[in-house]
Structures are given as C-alpha cells and as structure tokens.
Amino acid sequence: MNELAIKDLLYKLADDQLILGHRNSEWTGFGPILEEDIAFSSMAQDKIGHSLAFYTLLQELGEADPDTVAFTRNANQFHNSQLVELPNGEYDFSLIRHFLYDNAEIIRFEMLSQSSYEPIAKVATKLKGEVKYHVLHANTWIKNLGSSTEEAILRLQSSLNEALPYALAMFENSKYEQELIDAGVYAGEEAVKTEWLKRIQAVIDKTDLKLPDLATIEPKFGGRYGEHTEHLQPLLDEMAEVFKIDPTAEW
Amino acid sequence: MYGGGNVFEATKFDDVQVEDPAKLEEFEARIARGEKIEPTDWMPELYRKQLIRMIEQHAHSEIIGALPEGTWITRAPGFRRKMAQMAKVQDEVGHAQLLYSAAETLGKSREQMLTDLISGKSKYSNVFNYPAFTWADSNIISWLIDAGAIVNQMANAKGSYGPYSRALERICAEEAFHLKYGHDAVVHMATGSPKQREMIQAALNRWWPPIMTFFGPSDKMSTHTETLMRWKVKMASNDECRQQFLDMYVPKIWELGLTVPDPKLKKNMETGQWEFTEPDWDEFKRVINGDGPCNAERLAVRRTAEERGAWVRRALLNPKAKYVRPLA
C-alpha cells in the first residue's frame with residue numbers, strides 16, 4: 001500500500017476532527033440551554049480524542065508526535081475541509097454543520113471499519129460507536145427544531161443554504177482517490193457522498209426544511225490541500241498560544 | 001465551585017415566628033435526628049427561602065465559574081491538557097444543571113433563576129469576578145478554588161435538605177478529580193522551565209487575596225447563623241472552612257517551592273490556628289456589589305448566551321405542557 005496515500009487520508013480525518021472539536025468546545029459556557037452546552041462539550045472531547053487517535057497512527061508512520069503536528073503547523077499545512085473551520089455563528093449554524101458533518105463522518109467510519117488497512121480499521125471500529133451518538137444528537141435536534149416555530153425553521157433553512165457549498169466540499173477527492181479505492185482502504189468520497197445524501201434527505205424530509213437543488217451549488221473545494229478561509233489561521237494561533245511560549249516545556 | 005459565605009448577611013429571621021409552632025418543633029426534631037427533608041415535606045418558609053438562595057447561588061457560581069477557565073480550553077497546551085480542561089469545565093456546567101434542578105424542587109424555575117442572575121439580583125461566588133490572565137491562573141483556579149469548594153461542599157453535603165445533599169455528594173466526587181488535575185498542572189508549572197515557574201508564582205500572587213475571601217467574611221462579621229446551623233443549612237462557619245483550607249493546602253503550596261504573598265501567614269502552634277493578614281473586606285463588598293474587575297464582563301457573557309439562545313428555548317416550548325417540578 002502506498003504510504004503517502006494512507007497519510008493523506010489520515011491527515012484529512014485527523015484535521016477535520018481536531019478543528020471541529022475545537023469549534024465545538026467554544027460552546028462551553030455559551031449554549032442556548034445547559035444541556036446543549038454539555039452535549040457540545042462531550043462531542044468536542046470525542047472529536048479531539050478521535051483526532052489524537054489518527055495523529056497517533058501518523059506518528060507510527062514516521063510523522064512527528066501528535067502535539068507537534070497539531071500545535072505547530074500553519075493553516076496552509078492543514079487538510080481539513082473548510083466547513084469545520086468556519087466560526088460557530090449562532091446555534092442554528094453550529095447545529096446544521098454538526099448535522100451535515102457527522103452524517104458524513106459516520107459513513108466514513110463505517111466504511112473504514114472494514115478497511116483493508118488494518119490500523120485504520122481498528123481505530124474506526126473502536127470510535128464509530130461514539131460517532132453514532134453524535135449523529136443521533138444532530139438528527140434529533142434537526143427533527144425537533146426543523147418542525148417547530150417559524151423562526152427556528154427560517155434560521156435553520158438559512159444556515160443549511162449557507163453551509164451546503166462547504167459541506168459538499170467535504171467530499172473533495174484525494175490525489176490518491178483511485179489508489180485508496182483499488183486497495184480496498186475504503187469506497188472513496190463519491191460513495192460516501194451518495195450515501196450521505198440519502199441519509200440527510202431522510203432526516204430533512206421529516207421537517208419543514210428543504211434541501212436546495214445541489215446541482216446548482218458550487219462546492220468550496222481546496223481545504224484538503226491547504227486552501228483555507230481567513231478563519232483557520234486565527235483559530236490555530238489561539239490553539240497554540242500557550243504551547244508556543246515554550247514548545248519544549250512539559251505543560 | 002462554591003465557597004459559600006456570601007449569602008447570609010441579609011437574612012431576616014422575623015418570619016420564623018409566624019410558623020405553626022407544632023410543625024416547627026416536629027421539623028426541628030427530624031433534623032436533630034439526622035433525617036433529610038424532602039421536597040414535599042413541610043418546612044418553614046425561611047428554610048425554603050434560604051435554601052433556594054443558597055443552591056441558586058451555588059448553581060450560578062458553577063456556570064459563571066466555568067467562564068474564567070473556559071476561556072483557556074481553546075488555548076490549553078497539548079492534547080492532554082486540552083482534553084482535561086474541556087472535561088473539567090464541562091463538569092462545572094453539569095454541576096449547575098444538577099443544582100438548578102435541586103433548587104427547582106423548592107419551587108423556583110431555572111428560567112427565573114437565570115433571569116435573576118442576569119439582572120444582578122442573585123449573586124455568585126465573588127472570586128469569579130477576577131480575571132484568569134494566563135494559563136497559570138487557570139491552573140491555580142483548578143487546584144485551589146476547587147480545593148476550597150470541596151472543603152465547603154463536603155460540609156454542606158451533610159446538610160438537611162435531601163436533594164441538595166445528594167447533588168453535593170455527586171459534585172464532590174467530580175471535584176476531587178478536578179483537584180488532582182489542577183494539582184498536576186500546577187506541579188508541572190512549578191517544576192518546569194523558569195518561565196513556567198514565574199507564570200505560576202505570578203498567578204498565585206494574583207489569586208491569593210480572592211482565595212482568602214472565598215469562604216466569606218469572618219464569623220465575627222456575619223450574624224444570624226445560629227438558626228441556619230441548627231437547621232443544618234449552614235454546616236460549617238466561614239472561619240472553620242478557611243482554617244481547614246489553610247491547613248490542607250498551605251503546606252502543599254510551600255512543598256512546590258512557591259511562596260504565599262502574605263508575610264503574616266503562619267500557623268500559631270499554641271492555638272492551632274492560622275494567622276494571616278485580614279482580607280480586604282471593603283473590596284470584597286465592593287466587588288460583590290458589582291464593582292469588580294470582571295463583574296460586567298461575566299454577566300454580559302451570560303446575558304448574550306441567554307439572548308442568543310432564546311429562540312431555541314421558544315422553539316422547544318410546548319404551550320400545552322404543564323410545568324412540573326423535578327424531584328431531584
């Protein structure tokens with residue numbers, strides 16, 4: 001198996017989860033109700049824990065240790081989709097992003113748990129049970145709020161429209177896409193996307209929300225290879241603020 | 001994270017006299033026997049009022065207390081600290097949730113308590129009106145403020161009101177982990193690079209005066225605690241808590257090679273009591289009444305969170321549902 005292809009995949013998985021975990025953690029103390037405050041914090045802890053598991057696999061393949069990789073790279077070295085780096089905005093945007101992201105992530109984890117590359121298969125099998133709860137949380141809230149007040153429906157619809165160009169770019173193909181598929185690592189991003197559409201459509205159908213015509217949407221590609229919005233670098237600077245006071249110190 | 005001691009000065013005890021003497025006697029006998037009072041049991045109005053106030057202040061202290069440390073979640077250095085800091089602050093928010101439920105059993109809704117917090121009507125632990133300037137400040141809070149909270153809360157867990165006492169038992173179990181986490185972080189700083197040692201000493205210097213006020217004014221200055229003690233609402237005096245805290249933690253601070261910024265601090269071996277520079281109670285009163293370095297900011301954050309989340313709560317509200325008090 002081409003090691004570069006595996007590393008490329010691992011970076012994408014790890015960076016998505018680190019950055020979304022970081023964003024989720026920003027809800028601590030600010031949630032619309034205490035229970036949501038706590039839920040977003042739980043998901044943040046899971047996501048960052050998952051990113052650590054994938055950075056650890058990278059370290060086993062010869063990359064630097066997880067702290068160095070996570071806390072010292074610049075934005076143009078990150079492989080996350082732009083969706084996860086966008087600011088939290090209001091709760092409706094955070095919830096829609098969580099819904100769109102986790103419904104894709106669970107599919108990726110399901111596929112990877114069957115992967116021909118055993119280290120990834122093991123990690124994905126272990127973690128997918130946690131992602132299942134993230135999906136359950138997102139879908140429950142979308143169903144509840146998406147068929148409640150006019151105000152809530154309008155907010156969610158507008159956030160859905162805003163997030164979709166970024167969400168579709170989660171499926172940006174890897175340079176090694178065909179290789180990964182041929183080697184049985186997983187079925188590839190197109191396959192994830194097809195299944196994702198089915199699942200999010202099924203949830204949205206139970207609400208008063210509408211999925212816009214995706215053919216008219218231009219995905220915001222580029223995140224997988226270092227092209228990011230202006231929001232990522234400040235997030236990384238904040239994350240590394242203490243770490244960089246003395247990168248050799250034990251904190 | 002709550003040190004108590006803020007609440008008692010304004011209690012008016014005249015109301016006790018209007019209670020049915022037979023019921024009052026039975027109530028006091030139950031407490032003397034060590035029984036717990038449950039939400040549907042008879043209780044004097046003053047007991048109810050005082051407990052709502054106390055549990056509510058405790059709950060507010062948890063969510064406001066999440067803010068100074070919360071700002072360091074996104075800046076925590078390295079995976080280990082980042083994950084622990086998140087879990088720790090999440091616990092504090094969880095404590096607020098538990099405590100609001102406990103207070104609700106006495107008849108005040110969470111929504112009303114939050115409204116009173118934002119309007120400035122209800123208080124919270126005064127230490128959170130001080131800023132956490134650096135990562136080291138956050139470590140000092142995790143260690144010493146949580147340590148102080150445990151001293152107070154372990155005492156109050158033996159109190160007479162069932163739902164509060166049970167909530168406190170669960171909270172103390174979690175706070176014990178916070179204390180270990182905070183201590184571990186401080187040890188790393190105090191035994192780390194010169195820069196880290198300088199950061200942690202500076203943070204201790206900043207936090208020592210607020211820590212000394214954490215348990216509230218000296219018993220000489222608070223009045224009317226006798227009834228509250230008899231009813232097992234207040235379980236230990238402010239001075240007792242402060243002495244116990246000093247006994248447990250000053251040696252641990254010294255052990256790390258850190259200094260406490262109070263030249264008068266020492267244990268009097270004859271009396272067994274710690275002597276220290278009297279905290280500035282005028283400043284304490286000024287800050288608790290709104291004029292501290294962070295009061296406005298803390299309440300503004302809470303207000304913004306409430307306002308931004310109002311549409312979610314409106315959407316969740318079922319107009320046909322009848323409000324039911326939790327049983328805790």
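This short talk covers how chains A and B meet, how some of their helices pack, and where some of the salt bridges sit. Keep in mind that the model is predicted.

Let's start with the interface. How many residues does the contact take from each chain? Chain A gives 49 residues. Chain B gives 41. Next, the area. The size of an interface is often given as the accessible area lost when the parts come together. Between chain B and chain A, about 3900 Å² is buried. Carbon and sulfur atoms give 67% of that area.

Now charge across the interface. Side chains of opposite charge can pair when their charged atoms come close. Between chain B and chain A, the count is four salt bridges. Look at A:E35 and B:R110. Their side chains meet in a salt bridge, at 2.6 Å from N to O.

On to helices that pack across the two chains. Take helix α2 of chain A, residues 34-60, and helix α3 of chain B, residues 79-104. Their axes are 9 Å apart, and the packing angle is about 160°. An angle over 145 counts as roughly antiparallel, so α2(A) is roughly antiparallel to α3(B). The crossing of this pair is left-handed. What classes of residue make up the contact of α2(A) with α3(B)? It has 13 nonpolar, eight polar and three charged residues.

Here is another pair across the chains. Helix α7 of chain A covers residues 150-168, and helix α11 of chain B covers residues 295-316. Their axes come within 9 Å and cross at roughly 125°. That angle makes α7(A) oblique to α11(B). The crossing is left-handed. Which residues touch? From α7(A), they are A:E151, A:A152 and A:R155. From α11(B), they are B:W311, B:R314 and B:A315. By class, that contact has three nonpolar, no polar and three charged residues.

Now inside chain B. Helix α5, residues 135-156, packs with helix α6, residues 162-190. The angle is about 150°, and the axes are 8 Å apart. So α5(B) is roughly antiparallel to α6(B). α5(B) passes α6(B) in a left-handed crossing. The residues of this contact divide into 17 nonpolar, seven polar and two charged.

Last stop, salt bridges over the whole structure. The search finds 41 over all chains. One to find in chain A joins A:R199 and A:E110. Their closest N and O atoms are 2.8 Å apart. What does this pair tie together? A:R199 lies in helix α9 of chain A, residues 189-204. A:E110 lies in helix α5 of chain A, residues 91-112. The pair therefore ties together parts that are 89 residues apart in sequence.

To recap: chains A and B bury about 3900 Å² between them, with four salt bridges across the interface. Thank you.

Definitions and conventions. Residues numbered from 1 in each chain as written. Chains lettered and ligands numbered in written order. Predicted model: local features only at pLDDT ≥ 70, side-chain atom pairs only at ≥ 80, totals over all residues. Heavy atoms only, no water. Axes fitted to C-alpha atoms, helices over the stretch in contact; angles between N-to-C directions. Helix = DSSP H or I, 4+ residues; strand = E, 2+ residues; numbered from the N terminus. Parallel < 35°, antiparallel > 145°, perpendicular 65-115°, else oblique. Left-handed = near helix turned anticlockwise from the far one by under 90°. Contact = heavy atoms within 4.5 Å. Nonpolar A, V, L, I, M, F, W, Y, C, P; charged D, E, K, R; others polar. Buried area = accessible area lost by both parts, 1.4 Å probe.
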